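Here's a quick walk through a small protein model, from its overall layout down to a few side chains. Have the coordinates open and follow along.

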Amino acid sequence: MQIALSDLKVNVGKYVDLANTEDVIITKYGKPAAKIIRYDKEPWYMKNLPEKITSVDSLFGTLPDDIDLGDVRMERLTK
């Protein structure tokens with residue numbers, strides 16, 4: 001929805017509530033100047049976090065307990 005800046009000044013609460021359902025474009029002299037969007041409490045980078053954690057968790061326990069990580073490192077560096 002597009003609204004004029006002057007209309008926003010008069011009805012701020014109305015358009016803040018409307019931003020929960022759709023983006024509100026604020027125009028100044030007929031040209032888009034700003035946008036009111038819904039506030040999301042969870043940032044975008046945290047939304048897929050459980051999938052990443054489970055993939056990392058699945059890697060734990062893949063190496064035997066008696067392996068020496070220093071030996072593994074040296075073997076990798078010699079190749």
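The protein has 5 helices and 3 strands. Bear in mind that this is a predicted model. Reading from the N terminus, the elements come in the order β-α-α-β-β-α-α-α.

So what does the chain as a whole look like in numbers? Of its 79 residues, 10% count as buried. The protein exposes about 7,100 Å², and carbon and sulfur atoms supply 58% of that area. As for contacts with a separation of 6 or more, 11% of them involve residues 24 or more positions apart.

**The sheet**

The 3 strands make an open sheet with the order 1-2-3 and mixed pairing. Strand 1 (2-4) and strand 3 (31-36) sit at the edges, each pairing on one side only. On average, neighbouring strands of this sheet are turned by 35 degrees against each other, if you ignore direction. As a reminder, strands of a sheet pair through backbone hydrogen bonds, either parallel or antiparallel. Here you get one of each kind of pairing: strand 1 and strand 2 run parallel and are joined by 3 bridges, while strand 2 (residues 24-28) and strand 3 run antiparallel with 5 bridges.

Some of the residues that face each other across the strands are worth picking out:

| Residue | Stands opposite |
|---|---|
| Q2 | I25 in strand 2 |
| I25 | K35 in strand 3 |
| T27 | P32 in strand 3 |

I25 turns up twice in that table, opposite Q2 and opposite K35. Strands 2 and 3 also form a hairpin with 2 residues between the strands, and in this hairpin Y29 takes a positive phi near 55 degrees.

**T27, inside strand 2**

Is T27 buried or exposed? T27 counts as buried because its relative accessibility is 11%, and the cut-off for buried is under 20%. The residue lies in strand 2. Leaving aside residues up to four places away in sequence, T27 touches Q2, I3, A4, L5, P32 and A33. One of these contacts, P32, is also the residue standing opposite T27 in strand 3.

**The salt bridge**

How many salt bridges does the structure hold? There is 1. K35 pairs with D23, and the closest N and O atoms are 3.5 Å apart. The two ends come from distant parts of the chain: K35 belongs to strand 3, D23 to the loop between helix 2 (12-18) and strand 2, and they are 12 residues apart. In general, side chains of opposite charge can pair when their charged atoms come close. D23 counts as partly exposed, because its relative accessibility is 35%. K35, for its part, is the residue you already met opposite I25.

**A nonpolar patch on the surface**

Now move on to helix 5 (residues 69-78), which is where L69 is found. Which residues form a nonpolar patch on the surface? I67, L69 and V72 do, with about 230 Å² of accessible area together. L69 has a relative accessible area of 55%, so this leucine counts as exposed; the cut-off for that label is over 50%.

Key: Residues numbered from 1 in each chain as written. Predicted model: local features only at pLDDT ≥ 70, side-chain atom pairs only at ≥ 80, totals over all residues. Heavy atoms only, no water. Patch = residues over 30% accessible without salt bridge, like charges linked within 9 Å, V, L, I, M, F, W, Y side chains within 5 Å. Areas by Shrake-Rupley, 256 points an atom, 1.4 Å probe, with all protein chains shown as cover. Salt bridge = Lys/Arg side-chain N within 4 Å of Asp/Glu carboxyl O. Helix = DSSP H or I, 4+ residues; strand = E, 2+ residues; numbered from the N terminus. Buried < 20%, exposed > 50% of the residue type's maximum accessible area, 1.4 Å probe, protein only. Contact = heavy atoms within 4.5 Å. Pairing = 2+ DSSP bridges. Axes fitted to C-alpha atoms, helices over the stretch in contact; angles between N-to-C directions.
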